[in-house]
Amino acid sequence: HLVYFGDTAHVPYGTRSPATVNRLVRAHADFLVRKGIKCLVVACNTASAVALSLLRSRLPVPVIGVIEPGVREALKCTRNGRVGVVGTRTTIASGAYQRRLVEGGSGIRIFPQACPLVVPLAEEGWADHRMARIAAREKNAVQPRAIAEESFMLFQRCRPLCRVFQIEIGRRPDPVLQFVTG
């Protein structure tokens, strides 16, 4: 059977320090192991970026994160070797996506950008709200110049906002600027 554990008491993780994320994730994983899980899927980008190696080293079960699948897809789909990575402050600061992209592809150029407004907008269901368009243009959400140059963008978690971001950075939605959700 499947056990889902969503930590709604401490979200968002993307604004928390790596030490706090590690502490929370470790406690939740220990709880789930005591419940008899056979495998742990860490479906949060920030938790995967910060705590995955810690969990893999200390848990008696396989641990799967969300970064590797997104990186594989980005490397498979990029046409010019440039990948824009959009995520929470903690995810971007961890360098996890950047390291795995470099490890996976030679000559890859990475353009990371923290987007603190993206997760709250997606969680509130505001993909069609004017605030999503405003956030897409603001420096604290996405730097349009860095992303508009890219033929591929690795975009974490917030798929409903992808079309808004394409339009607001001055690109028509097309297959050249692709989005992969982590």
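**Exercise 1. Lys-76**

Task: In this predicted model, determine whether Lys-76 is buried or exposed, and describe its surroundings.

Solution.
- Step 1. The relative accessible area of Lys-76 is 60%. Exposed means over 50%, so Lys-76 is exposed.
- Step 2. Lys-76 belongs to helix 3.
- Step 3. The side chain of Lys-76 makes a polar contact of 3.2 Å with the side chain of Glu-73.
- Step 4. Between the C-alpha atoms of Lys-76 and Gly-105 there are 9.5 Å in space, against 29 residues in sequence.

**Exercise 2. Gln-98**

Task: Work out whether Gln-98 is buried or exposed, and list which residues it is in contact with, leaving aside neighbours within four places in sequence.

Solution.
- Step 1. Gln-98 sits in helix 5.
- Step 2. Its relative accessibility is 15%. Since buried means under 20%, Gln-98 counts as buried.
- Step 3. With neighbours within four places in sequence left aside, the contacts of Gln-98 are Ile-92, Ile-110 and Pro-112.
- Step 4. For Ile-92 there is a further detail: its backbone oxygen is reached by the side chain of Gln-98 at 3.2 Å.

**Exercise 3. The aromatic pair**

Task: Find how many aromatic pairs the structure holds, and state which parts of the chain are tied together.

Solution.
- Step 1. There is 1 aromatic pair in the structure.
- Step 2. The pair consists of Phe-5 and Phe-31, with 5.9 Å from centre to centre and 50° between the planes. Planes under 30 degrees apart count as stacked and over 60 as edge-to-face, and the pair of Phe-5 and Phe-31 is classed as tilted.
- Step 3. Phe-5 is in the segment before helix 1 and Phe-31 is in helix 1, so the pair ties together parts 26 residues apart in sequence.
- Step 4. Both rings belong to partly exposed residues: Phe-5 has a relative accessibility of 36%, and Phe-31 has a relative accessible area of 32%.
- Step 5. The segment before helix 1 also holds Pro-12. The peptide bond leading from Val-11 to Pro-12 is cis, its omega being near 0°.

**Exercise 4. Helix 1 and helix 2**

Task: For helix 1, check the span against the value expected at 1.5 Å a residue; for helix 2, do likewise and locate the kink.

Solution.
- Step 1. Helix 1 has 17 residues, which should span 24 Å at 1.5 Å a residue; the end C-alpha atoms are 24 Å apart, so the two values agree.
- Step 2. Helix 2 covers residues 45-58, 14 residues, and reaches 20 Å from first to last C-alpha, close to the expected 20 Å.
- Step 3. Helix 2 has a kink of about 65°, centred on Ala-51.
- Step 4. Ala-51 is also among the buried residues of helix 2, which include Asn-45, Val-50, Leu-52 and Leu-55. Cover for these buried residues includes helix 1 (18-34), strand 1 (40-41), strand 2 (63-64), helix 3 (67-77), helix 4 (89-94) and helix 5 (96-104).
- Step 5. On helix 1, the buried residues include Val-21, Leu-24, Val-25, His-28 and Leu-32. The buried residues of helix 1 pack against strand 1 and helix 2.
- Step 6. After helix 1 comes Gly-36, with a positive phi near 95°.

**Exercise 5. Leu-59**

Task: State where Leu-59 is placed, and whether it is buried or exposed.

Solution.
- Step 1. Leu-59 lies in the loop between helix 2 and strand 2.
- Step 2. Leu-59 has 10% relative accessibility and therefore counts as buried.
- Step 3. Apart from neighbours within four places in sequence, Leu-59 is in contact with Ala-29, Asp-30, Val-33 and Leu-40.
- Step 4. The C-alpha atoms of Leu-59 and Arg-26 are separated by 9.4 Å, although the residues are 33 apart along the chain.

**Exercise 6. Cysteines and the whole chain**

Task: Give how many disulfides the structure holds, then summarise the chain.

Solution.
- Step 1. The number of disulfides is 0.
- Step 2. Cys-39, at 37% relative accessibility, counts as partly exposed. Cys-44 is partly exposed as well, with a relative accessible area of 28%.
- Step 3. The chain has 9 helices and 6 strands.
- Step 4. Of its 182 residues, 48% count as buried.
- Step 5. Considering contacts between residues at least 6 apart in sequence, 66% join residues at least 24 apart.

Note on methods
Residues are numbered from 1 along each chain as its sequence is written. This is a predicted model: local features need pLDDT of at least 70, side-chain atom pairs count only at pLDDT 80 or more; totals for chains, interfaces and linings use all residues. Side-chain values use heavy atoms; hydrogens and water are left out. A disulfide is a pair of cysteine sulfur atoms within 2.5 Å. Buried means under 20% relative accessible area, exposed over 50%, partly exposed in between (1.4 Å probe, protein chains only). Helices (H or I, at least four residues) and strands (E, at least two) are DSSP runs, numbered from the N terminus. The expected span of a helix is 1.5 Å times one less than its number of residues. The bend at a residue is the angle between axes fitted to the seven residues ending there and the seven starting there. Contact means heavy atoms within 4.5 Å. Rings of Phe, Tyr and Trp (its six-membered ring) pair if their centres lie within 6.5 Å; planes under 30 degrees apart count as stacked, over 60 as edge-to-face and the rest as tilted. A polar contact is a pair of N or O atoms within 3.5 Å; within protein, one must be able to donate a hydrogen and the other to accept it, and residues adjacent in sequence count only if both atoms are side-chain atoms.
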